Amino acid sequence: MQRILARRVAEWFVRRIPVLLLILAAAQGRPAWHPTVDSYSRLKELFANPPMEYSTSPFLVWNGEVMESEIDQHLTAFRDQGVRSVFIHPRPGMITSYLSDRWFQLVRHTVDKGKSLGMEVWLYDENSYPSGFAGGHVPAEMPESWNEGQGLSLRRGRNLQPDPAKKYPVILRPNGEAGDTYLFELAFYDKRAWHGGFSYVDLIRPGVTEKFIELTMRGYEKTLAGDLGKRVPGIFTDEPNIIPPPGKLTMRWTPDLFAQFQKRWGYDLKPQLPALFEETGDWRKVRHNYYSTLLDLFIERWSKPWFDYTEKRGIQWTGHYWEHGWPNPQHGPDNMAMYAWHHVPGIDMLFNQFDEGVNAQFGNVRSVKELASVASQMGRRRTISETYGGAGWELRFEDMKRLGDWEYVLGVNFMNQHLAFGTLAGARKHDYPQSFTYHTPWWNDYHALAGYFARLSLALSSGEQVNGILVLEPTTTGWLYSSPAGAHPRLMENGRAFQAFLNRLEAAQVEYDLGCENILRDRAKVAGAALTVGQRSYGVIVLPPGTENLDSPTVKLLTDFQRGGGKVLSFVDPPRYVDGAESGEVAKWEKVSDLKLLASPDFEIVRTAPQGKLFHQRRRIDGGQIVFLVNSSLEENAAGSLKLGGRSATRLDPLTGSLAPYPARLDGARLALDFDLPPAGSLLLYVARTGQPAAAPVAPAAEKPVAASGPLSVRRLAPNTLTLDYCDLKLGAEVERGLYYYVAQEKIFRHHGLGTNPWNTAVQYKTSILDRNKFAPDSGFEAAFSFEVAGLADKSSLRAVVERPELWTVAINGHAVAPRKGEWWLDRAFGVFDISAHVLEGRNTLAVTARPMSIHAELEPVYILGDFGLAAQPAGWRITPPAALAAGAWKEQGLPLYSQAVSLPVFLHPAPRRGAREGAPGRLARHGGRSARQRQAGRHHRLAALRTGHHPPGRRRVQHDQSDRGRVAQEPARTAPRQNQQGPGVARQFPARSRPAPAGRGLRPGSVRPDGRVPSG
């Protein structure tokens, strides 16, 4: 009896160990990061308010003098907008010394403040990127990390003699002294300001990664102690790479490369080196073996040390590589192989240009499918993506939802917004904007999207995505055609063929994973008719277009798989090469072409029309299935019906957190559901194996336009803005007129011996930039910005905005003015000056003077604020009296540079509809802003930006507060060369000097046209 009782107690304890561990972790302040959700009942319980682990997590950019007060304000603002997780991310412009005592003091403060707000704080392993040099500390403390060379540069010719002053690890004379000579000179990474004045380091040299981890993590281990792996879940690594040093004829090399190659392939690479540059000898084989060796070294000497370190300490290792260069292997021969070593593998998806090409970002299916496939195979529940960076200040909520939905439906479930600027001062505002902070006029509405993606992250982390088809990615084929001398045309031909095939699979709604040959070599096995890769098992293996080579372990696996009854479908002629060498081993696989062979037997989507751009994801969960449908078109609906196993369906609304029965019908043994997704629309469903299908509601009457019963009153909710970005520069005794501010800024720094703006695209090693802040008392400069005023009788509202006012003496028309105490505009570092008493009719000049010169004196545009209009003139704009606003293009109403909110109060009378039920919604017309908040009777009703602007019927006054593009001070007052793709180089692309412009020019991307669309400029 005692034994039975003891056994039952033990069984009870074992069953409850997971719960007890969670309780213990909670008692220690440790959240259970991404707790497993495998049942619909648990998903339903968490859906309205997901745990913080599912929150979006922006890069909180430290890009100035970091202060506790700023940290507190940012974290509180994030929390208030439903963002409960951040990554600390140093970037160019950071004044605080990286990895200093002060640095760790600030990190400790951030974690403590995060705790008090119920937030997680993640780390980032570098001072900017790419990861590996520790902001200069690795090359400074470990010279062998860079001074032994990272490449070999080829020089070829007859009777060449080596230069005694240079090092040549390899010299080849295949035909003796009288023939061609191949000189392979030792090559080095350049020393760059981006790397703190050092060069990048050799990540495949033994010991370099361990040194990087030591220098980066020892301070965090001491400072964060018990919080690492708990309130600080993990650390992000960003774009580490093994790209060759500069030079067209330069290959990647490391001191023991030849020994490692010999060990793996059994022959000497040195005499075969010409084959890496020329199509000579067995060049495909040599190239394959070479890139395979580099991949092994990259994994063994970068990934494994980091994985072992973080695994031992319970830290989540996350981050991404440069995945947009595929099939070119220069940055890293195979990103999928690298993902296998991350706890939370990741990618980045930047800009706002939907492109399905091989090297594209948004729209590039391959990048996301690589990530999702490896995560599924390795049993990783979470996958992260840097999202939106460089999309520009004009990014709309609709864009954010569309782009986020697209990567989520393909396999991302952890959003990392790129970026949330600490400050916009100086060159920092050009660092791949958008910014997810108070700088944008829509920020106070962002909670809608934050909640949306948190719920979506929860749902798409629940259960498992189980696909039965494995498509082998032809990465090793790309190795055959890559060369430092220039890629063979077959490289991109094969890449395009594979990309087109993936796009066809997505259009046909095929459910598949991608296969990496390196992962197959180490983690795959065959059991009868199943090929198991980690935690996934496949019954169909696909050889896609673009495949010319397979690794020998892959061939063996496929041969055994086929013998066991597995199905191998080749959509390409039998590959000719094995390990790069010509072989007839794989010629027995028959070529097919019909995608219907890949159809799922238990799942079908029937399109009622080919319009739209439909994607789907399906996940198994206890009790049924989760299905996510996404329409990535901005122009067309995507409609059809979905048929799958089940008896009832529930719609989960990520925007509101609500759940409701979804209309369905039984179709034999399957459940059928209809869908009609608007542009940028999506639908999240749970399909249960039990229950009864919900009946379709009575179809509403067709929508009809509703006329306003009162006048449309449009008003600005913020001052109008004039950007002054051309100036007259006085530098010493010289005066240059009409200079674009960026050109003037470069001249200023060169004049003072700095070469360029030291805070722009540069990383400070310790205090190396601050140490240069030594200038004579009579140094400095004066910049005069001019503007015209015509007919403005009331000038009392006029203000000027100057960045970091403590650096300057400011005068308007010769009258010194001081910043208004405690006031700022747009950024807390932007001071406000009352200039109303000194503004004249006609030409006015606002001068800023720095004397003596300061290392911080970045000349930036000046802004004029107030109640006025703007009229185009041959060069720039003239301030005029404000005009009454109406519907239509803002640029034609004196607001060409305005980017804040407007209010459009209007009375609506919906006409009674036959059969209309009480509470049936109405809908406002589509708006053209970045976001819109609609109010009824003075209350916020709904955010219209996500196409959800419904209102109860009845006579009402609706105030439609529309926020435009958040692009007042952030970019020059001219059309950017590339809309939706903006980085630090944008400011260099504008005219150096002021020149007359056509009437009406000066419109910036993001202004609203009468039809509500965004112009291209």
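**A loop lysine, a small sheet and two cores**

Lys766 sits in the loop that runs between helix H18 (741-751) and strand S37. This is a predicted model, and in it Lys766 has a positive phi of about 50° although it is not a glycine. Most residues other than glycine have a negative phi. With a relative accessibility of 44%, Lys766 counts as partly exposed. Another positive phi turns up at Asp579, near 55°, again in a residue other than glycine. Asp579 belongs to the loop between strand S22 (577-578) and strand S23 (581-582). The cut-off for a buried residue is under 20% relative accessible area; Asp579 has 15%, so it is buried.

Peptide bonds bring a couple of oddities too. Most peptide bonds are trans. The one from Tyr129 to Pro130, however, is cis, with omega near 5°; Pro130 is placed in the loop between strand S3 (120-124) and helix H5 (137-141). The bond from His418 to Leu419 is cis as well, with omega near 15°. Here the loop in question, the one holding Leu419, links strand S12 (414-417) and strand S13 (420-421).

Stepping back to the whole protein chain, there are 18 helices and 52 strands. Of its 1017 residues, 60% are buried. The accessible surface comes to about 38700 Å², and carbon and sulfur atoms account for 51% of that. Contacts reach a long way along the sequence: among those between residues at least 6 apart, 79% join residues at least 24 apart.

One piece of the strand content is an open sheet of four strands, in the order S5-S6-S4-S8, with antiparallel pairing. Strand S5 (170-172) and strand S8 (250-252) are the edge strands, each pairing on one side only. On average, neighbouring strands of this sheet are turned by 25° against each other, direction ignored. S5 and strand S6 (residues 180-187) run antiparallel and are joined by three bridges. In this pair, Ile171 stands opposite Leu183 of S6.

As for the interior, the largest nonpolar core has 176 residues, and Leu43, Trp62, Trp103, Tyr446 and Leu598 have the most contacts inside it. Helix H9 (residues 283-313) gives this core its largest share, 13 residues. Leaving aside neighbours within four places in sequence, Trp62 is in contact with a set of residues including Ile71, Ile88, Pro90, Met94, Trp103 and Leu106. Apart from this core lies another, of 43 residues, among them Phe787, Val848, Ala850 and Ile864.

Phe787 is a handy way into that second core. Its place is in strand S37 (residues 781-789), and its relative accessible area is 3%, so Phe787 is buried. Not counting residues up to four places away in sequence, Phe787 touches Leu722, Leu724, Ile812, Ile835 and Val839, among them also Arg843, Ile864 and Ile879. Phe787 and Val839 are 52 residues apart along the chain, with 9.9 Å between their C-alpha atoms.

How far can the model be trusted from place to place? The protein chain averages a pLDDT of 89, and 87% of the residues score at least 70. Over residues 911-921 the pLDDT is below 50, and this stretch has nine contacts in the model beyond near neighbours in sequence. Residues 965-977 also have a pLDDT below 50, but that stretch has 79 such contacts in the model.

Note on methods:
Residues are numbered from 1 along each chain as its sequence is written. This is a predicted model: local features need pLDDT of at least 70, side-chain atom pairs count only at pLDDT 80 or more; totals for chains, interfaces and linings use all residues. Side-chain values use heavy atoms; hydrogens and water are left out. Buried means under 20% relative accessible area, exposed over 50%, partly exposed in between (1.4 Å probe, protein chains only). Contact means heavy atoms within 4.5 Å. Accessible areas come from the Shrake-Rupley method with a 1.4 Å probe; for residues, only the protein chains shown count as cover. Two strands pair if DSSP finds at least two bridges between them. Axes are lines fitted to C-alpha atoms, for helices over the stretch in contact, and angles run from 0 to 180 degrees between N-to-C directions. A nonpolar core is a set of buried Ala, Val, Leu, Ile, Met, Phe, Trp, Tyr and Cys residues joined through side-chain atoms within 4.5 Å. pLDDT is the predictor's confidence in each residue, from 0 to 100.
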